[in-house]
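Here is a short set of exercises to work through with the model on screen. Try each task yourself before you read the solution.

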Amino acid sequence: MEGHWLDGGWLMANAERGEVDVKLGARTLTLRLGTNAMAEIETLLDGVDFTTEIIPSLAAGKNRATYIRAVIWGAARRQHPTIDLLEVGALIDEFPTEIGEGPNKLSKLAFPTPDGADENPPKPAGGTGAG
């Protein structure tokens with residue numbers, strides 16, 4: 001079962017609240033990029049701006065290990081407060097594909113496109129338009 005255990009029951013990630021479940025073998029991390037997570041990540045990275053440096057870097061495929069580890073760590077702390085950087089690094093080593101999906105999904109939930117905007121608009125049809 002995916003989700004996390006809290007007060008005697010399983011809770012599922014809530015995408016409407018910006019949560020993402022990342023399944024890692026028998027374990028599931030619930031990640032969320034809330035204000036506290038972003039502030040902790042910026043503090044960890046000596047003030048690197050989350051919205052102008054980290055998110056664009058990850059979105060462009062510049063997967064710096066420092067950024068990925070920090071984002072997973074910060075996003076996991078809300079539901080997994082005892083997780084540390086060494087544990088996150090070990091999870092990245094063991095489950096690189098699964099972990100790699102986390103920051104991308106999180107950034108789309110934390111910074112959605114404006115209503116009506118299409119991230120992948122259709123290409124114009126060929127031809128001159130004359131009939």
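**Exercise 1: a glycine in a helix**

Gly89 counts as buried, at 19% relative accessibility, where buried means under 20% relative accessible area, exposed over 50% and partly exposed in between, with a 1.4 Å probe and protein chains only. Before going on, note that this is a predicted model, in which local features need pLDDT of at least 70, side-chain atom pairs count only at pLDDT 80 or more, and totals for chains, interfaces and linings use all residues. Residues are numbered from 1 along each chain as its sequence is written, and side-chain values use heavy atoms, with hydrogens and water left out.

Task: find the element that holds Gly89, then work out how far its C-alpha atom is from that of Ala70.

Solution. Start with the element: Gly89 sits in helix H4; helices (H or I, at least four residues) and strands (E, at least two) are DSSP runs, numbered from the N terminus. Next, take the C-alpha atoms of Gly89 and Ala70: they are 9.3 Å apart, with the two positions 19 residues apart along the chain.

**Exercise 2: the fold as a whole**

Task: describe the order of helices and strands in the protein chain, and state what share of its residues is buried.

Solution. First count the elements: the protein chain has five helices and four strands. Then read along the sequence, which gives β-β-β-β-α-α-α-α-α. For burial, 33% of the 131 residues count as buried. Finally, look at contacts (heavy atoms within 4.5 Å): among those in the protein chain with a separation of 6 or more, 51% join residues 24 or more positions apart.

**Exercise 3: Phe95 between two helices**

Task: locate Phe95, decide whether it is buried or exposed, and list its contacts beyond four places in sequence.

Solution. Begin with the position: Phe95 is in the loop between helix H4 (85-94) and helix H5 (96-110). With 15% relative accessibility, Phe95 is buried. Setting aside neighbours within four places in sequence, Phe95 contacts Leu24 and Gly25. To finish, compare sequence and space for Phe95 and Leu24: they are 71 residues apart in sequence, yet their C-alpha atoms are 6.4 Å apart.

**Exercise 4: Ser57 and a charge over a ring**

Task: which residues does Ser57 touch, not counting those up to four places away in sequence, and which residue lies over the face of Tyr67?

Solution. Ser57 belongs to helix H2 and is buried, with a relative accessible area of 11%. Its partners are Lys62 and Tyr67, once residues up to four places away are left out. Now turn to the ring of Tyr67: Arg64 lies over its face, 4.5 Å from the ring centre. A charge sits over a ring if NZ of Lys or CZ of Arg is within 6 Å of the ring centre and within 35 degrees of the ring normal.

**Exercise 5: helix H1 and the loop after it**

Task: place Ala39 and Asp46, and say what the phi of Asp46 is.

Solution. Ala39 is part of helix H1 and, at 36% relative accessibility, is partly exposed. Ala39 and Phe50 are eleven residues apart in sequence, with 8.2 Å from C-alpha to C-alpha. Moving on, Asp46 lies in the loop between H1 and helix H2 (50-59). Asp46 is exposed, at 74% relative accessibility. Its phi is positive, about 55°, although Asp46 is not a glycine. For background, most residues other than glycine have a negative phi.
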